[in-house]
Amino acid sequence: MLKPYYQDDAVTIYHGDCREIVPQLGRFDLLLTDPPYGIGEHGGACRTRGRPGYAKHANMGWDNARPDAEVFRLILDTAPVAIIWGGNYFADLLHPTMGWLYWRKLMGGDFSDGELAWTSRSAALREFTKCPKGMNKGHPCEKPIELMTWCIGLAGDVQTILDPFAGSGTTGRAAKDLGRKCTLIEREERYCEISAKRMAQEVLPLTYNAPGEGRAIARTLDPVVGSSSEDTK
């Protein structure tokens, strides 16, 4: 029987390899994840950019173990709707689709202008714009909560979500803030610990109407990233 690393009413975290854990789980409404791309990046000051002299940072690498076809078959079978960030790196493992998502990052310099997500949606390409500069990340490849919240919204009326490459738990945090249930799997215990701390922080009961808009915005204080994130409902 699986023993969760952390569990509350909304989120369950498992510490281990998704190849061993996913077969013991049931079905979900949405697969939303950001697997390692296998391009050898390290993030931040340790970013390799293919240059020599950074081998000393190899033990800090987060992006070397690319999932294989067996893993993709396994995780894609868990849900009827799938959103996979970095899908352009897995073109040999994913079927052609029209429902791509584009995260416009506004970073400048030698950084990419954005990132792509493959989806199983038969829908038009959609764009989300947010600059991640200034994020105090718990993981080198951490996505903004607002981005994952947007993804969940695009997936339709989904109530259960799986992220088998959970990192620091942004998918779970977004799901919990939206009142959805989410299962996270992460093989690095340090990231499980960060995720558990993020899940333990409850949504603060503070809502207000944005100027000129009739939408309520719930503000959540995130103890890991050290700043507030806004989730428009």
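Let's start with helix 4: 8 of its 8 residues are buried, so this helix is largely enclosed by the rest of the structure. Do keep in mind, please, that we are looking at a predicted model. The buried residues of helix 4 are Thr170, Thr171, Gly172, Arg173, Ala174, Ala175, Lys176 and Asp177. As you can see, charged side chains are on that list, and I'd like to look at two of them with you.

Which residue forms a salt bridge with Asp177? The partner is Arg173, and the closest N and O atoms of the two are 2.6 Å apart. Both residues belong to helix 4, which spans residues 170-177, and they sit 4 residues apart, about one turn of the helix. The general geometry is familiar to everyone here: an α-helix has 3.6 residues a turn, so residues three or four places apart point the same way. Now for the burial of this pair. Arg173 has a relative accessible area of 1%, so we call it buried. Asp177 also counts as buried, at 7% relative accessibility.

Let me move to the beginning of the list, to Thr170, which has its place in helix 4. Thr170 has 6% relative accessibility and therefore counts as buried. What does its side chain touch by way of a polar contact? That would be the side chain of Arg198, at 3.1 Å. If we leave aside the neighbours within four places in sequence, Thr170 is in contact with Glu142, Lys143, Pro144, Ile145, Met148 and Arg198. One last detail before we leave this helix: just after helix 4, Gly179 takes a positive phi of about 80°.

Two of those contacts of Thr170, Ile145 and Met148, bring us to helix 3, where both are among the buried residues. How many residues of helix 3 are buried? The count is 8 of its 10, and the helix is mostly covered. Besides Ile145 and Met148, the buried set has Glu146, Leu147, Thr149, Trp150, Cys151 and Ile152. Here, too, a glycine follows: Gly156, just after helix 3, takes a positive phi of about 95°.

Lys143 was another of the Thr170 contacts, and it leads us to the salt bridges. A search of the whole structure finds 11 of them. In one, the side chains of Asp34 and Lys143 meet, with 2.6 Å from N to O. Why does this pair tie together separate parts of the chain? Because Asp34 lies in the loop between strand 3 (30-33) and helix 2 (69-76), while Lys143 lies in the loop between strand 7 (126-129) and helix 3 (145-154), and these parts are 109 residues apart in sequence. And are the two partners buried or exposed? Asp34 is buried, with a relative accessible area of 14%, and Lys143 counts as buried at 4% relative accessibility.

Next, the side chains of Lys105 and Glu115 meet in a salt bridge, 2.7 Å from N to O. Lys105 is in the loop between strand 5 (101-104) and strand 6 (114-119), and Glu115 is in strand 6, so this pair ties together parts that are 10 residues apart in sequence. Lys105 and Glu115 are buried as well.Lys105 has something else to show us: its charged end sits over the ring of Trp103, 4.8 Å from the ring centre.

That ring makes a handy bridge to my last topic, the aromatic side chains. The structure holds 4 aromatic pairs. Take Tyr37 and Tyr89: their ring centres are 4.9 Å apart and their planes are at 20°, so the pair is stacked. This pair links distant parts of the chain, with Tyr37 in the loop between strand 3 and helix 2, and Tyr89 in the loop between strand 4 (81-85) and strand 5, 52 residues apart. Tyr37 counts as buried at 7% relative accessibility, whereas Tyr89 counts as partly exposed at 35%.

Tyr37 pairs with Phe90 too, and how are those two rings arranged? Their centres are 6.4 Å apart and their planes are at 70°, so this pair is edge-to-face. Since Tyr37 lies in the loop between strand 3 and helix 2 and Phe90 in the loop between strand 4 and strand 5, the pair ties together parts that are 53 residues apart in sequence. Both Tyr37 and Phe90 are buried. Add Phe72 to the picture, and we have one aromatic cluster formed by Tyr37, Phe72, Tyr89 and Phe90.

That's my tour, and thanks for listening!

Notes. Residues are numbered from 1 along each chain as its sequence is written. Side-chain values use heavy atoms; hydrogens and water are left out. A salt bridge is a side-chain nitrogen of Lys or Arg within 4 Å of a carboxyl oxygen of Asp or Glu. Helices (H or I, at least four residues) and strands (E, at least two) are DSSP runs, numbered from the N terminus. Buried means under 20% relative accessible area, exposed over 50%, partly exposed in between (1.4 Å probe, protein chains only). A polar contact is a pair of N or O atoms within 3.5 Å; within protein, one must be able to donate a hydrogen and the other to accept it, and residues adjacent in sequence count only if both atoms are side-chain atoms. Contact means heavy atoms within 4.5 Å. Rings of Phe, Tyr and Trp (its six-membered ring) pair if their centres lie within 6.5 Å; planes under 30 degrees apart count as stacked, over 60 as edge-to-face and the rest as tilted. A charge sits over a ring if NZ of Lys or CZ of Arg is within 6 Å of the ring centre and within 35 degrees of the ring normal.
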